[in-house]
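Please walk through this protein model one part at a time. The text below starts with the sheets and then turns to helices and loops.

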Amino acid sequence: MSSLILVVEDDTSVREMVCDALQLAGYETRTAVDGSEALASQQKTRADLIVSDINMPKVDGYELAQRLRDRGDTTPIIFLTARSEKPDIGKGFRVGADDYISKPFGIEELVLRVAAILRRAKSADAPKSLSVGPITVDLESVSVKVNGEIVPLSPTEFKLLVVLIENRSRVVSRQFLMDEVWEMGFAESATVVDTYISYLRKKLHTADYEGIRTIRGFGFQIMDK
């Protein structure tokens, strides 16, 4: 699922230009013409990132950021502004901005900064470990334990296990696993996926746990039991 970005800008041409660029880069966008409208929009559906002008009627960018932070909303914010004075930049960061781009700006720069902020936010929010049944995955040390005992996995086996656990609430197809683990499709994808699923079962299943299930006609799912 692509990230949702809230674009807050009272200048129609700038707002549309930013939205077009972000959509071409693969993001979903939602818009607001001022900070007041942005607060209501964010209350209804929280965006993954906010790109906001500073000089706006009713509620400006500074007040928007301050009010979001006061209510516990930690959504990353990138300010777009014609201001370049250091005191203004400092104020932006003090009220909770994550980045600052002065107008006029290049679209490529904006898209790159958006991508960087989203990567940092995702990394900060990401869990440090995953678990299912007797299996514990430490994402920082890249290690796997079953019932407290370390089980060596190859890099591909490790990545496949992580994808299975992250999608434990649904059945995942062979093609999905190919796209996520190998990041490319092969004609013989069924054979490749089935082979690595077999490797995981041999290494992770025990007498009391056989949680990597084949759902005939659909794909695979990892379970607690």
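In what order do the strands of the open sheet of 5 strands lie, and is the pairing parallel or antiparallel? The order is S2-S1-S3-S4-S5, and the pairing is parallel. S2 and S5 are at the edges with a single partner strand each, so one side of each has no neighbour in the sheet. From one strand to the next, the twist averages 20 degrees. The model under discussion is a predicted one. As background, strands of a sheet pair through backbone hydrogen bonds, in either a parallel or an antiparallel way.

Begin with the pair S1 and S2. Strand S1 covers residues 4–8 and strand S2 covers residues 28–32, and 5 bridges join them in the parallel sense. One of the residues in S1, Leu4, has Glu28 in S2 as its bridge partner. Helix H1, residues 12–24, belongs with S1 and S2 to a β-α-β unit, and that unit is right-handed.

Next come S3 and S4, which pair in the parallel sense over 4 bridges. Between S3 and S4 the chain passes through H3, and this β-α-β crossover is right-handed. Within the pair, Ile50 stands opposite Ile77 in S4.

Is S4 enclosed or open to the outside? Of its 5 residues, 5 are buried, so S4 is largely enclosed by the rest of the structure. The burial applies to both faces: Ile77, Phe79 and Thr81 are buried on one side, and Ile78 and Leu80 are buried on the other.

S4 also pairs with strand S5, residues 99–102, in the parallel sense over 4 bridges. Phe79 has Tyr100 as its bridge partner in S5, and Thr81 has Ser102. Helix H3 packs on the sheet, where it touches S1, S3, S4 and S5. The direction of H3 makes about 170 degrees with that of S4.

Now turn to helix H2. Which residues of H2, residues 35–44, are buried? They are Gly35, Ala38, Leu39, Ser41 and Gln42. These residues lie on the same side of H2 because they cover an arc of only 165 degrees around the axis. On the other side of H2, Gln43 and Lys44 are exposed. The cover over the buried residues of H2 includes S1, S2, strand S3 (49–53) and helix H3 (61–70). At the N-terminal end, H2 is capped by Asp34, which has a side-chain oxygen 3.0 Å from the backbone nitrogen of Ser36.

One of the residues buried in H2, Gln42, is also a contact of Asp73. Asp73 sits in the loop between H3 and strand S4 (77–81). Why does Asp73 count as buried? Its relative accessibility is 7%, and the cut-off for buried is under 20%. The side chains of Asp73 and Thr75 are joined by a polar contact of 2.5 Å. With neighbours within four places in sequence left aside, Asp73 is in contact with Gln42, Arg46 and Leu68.

There is another open sheet to follow. It is formed by 4 strands in the order S6-S7-S8-S9, and the pairing is antiparallel. Strand S6 (129–132) and strand S9 (149–150) are the edge strands, each pairing on one side only. S6 and strand S7, residues 135–138, pair over 4 bridges in the antiparallel sense, and Ser131 stands opposite Thr136 in S7. Helix H6, residues 155–166, lies across S6, S7 and strand S8 (143–146). H6 runs at about 110 degrees to S7.

Some details of the backbone remain. Most residues other than glycine have a negative phi, and most peptide bonds are trans. Lys58, a residue other than glycine, has a positive phi near 65 degrees. Lys58 is in the loop between S3 and H3 and is exposed, with a relative accessible area of 73%. Asn147 is not a glycine either, and its phi is positive at about 55 degrees. Asn147 is in the loop between S8 and S9 and is exposed, with a relative accessible area of 56%. What kind of peptide bond joins Lys103 and Pro104? The bond is cis, with omega about -5 degrees. Pro104 lies in the loop between S5 and helix H5 (107–125).

Note on methods
Residues are numbered from 1 along each chain as its sequence is written. This is a predicted model: local features need pLDDT of at least 70, side-chain atom pairs count only at pLDDT 80 or more; totals for chains, interfaces and linings use all residues. Side-chain values use heavy atoms; hydrogens and water are left out. Two strands pair if DSSP finds at least two bridges between them. Helices (H or I, at least four residues) and strands (E, at least two) are DSSP runs, numbered from the N terminus. A crossover is right-handed if, with the strands pointing away from the viewer, the path from the first strand over the helix to the second runs clockwise. Buried means under 20% relative accessible area, exposed over 50%, partly exposed in between (1.4 Å probe, protein chains only). The arc is that of the directions from the helix axis to the C-beta atoms. Contact means heavy atoms within 4.5 Å. A polar contact is a pair of N or O atoms within 3.5 Å; within protein, one must be able to donate a hydrogen and the other to accept it, and residues adjacent in sequence count only if both atoms are side-chain atoms. Axes are lines fitted to C-alpha atoms, for helices over the stretch in contact, and angles run from 0 to 180 degrees between N-to-C directions.
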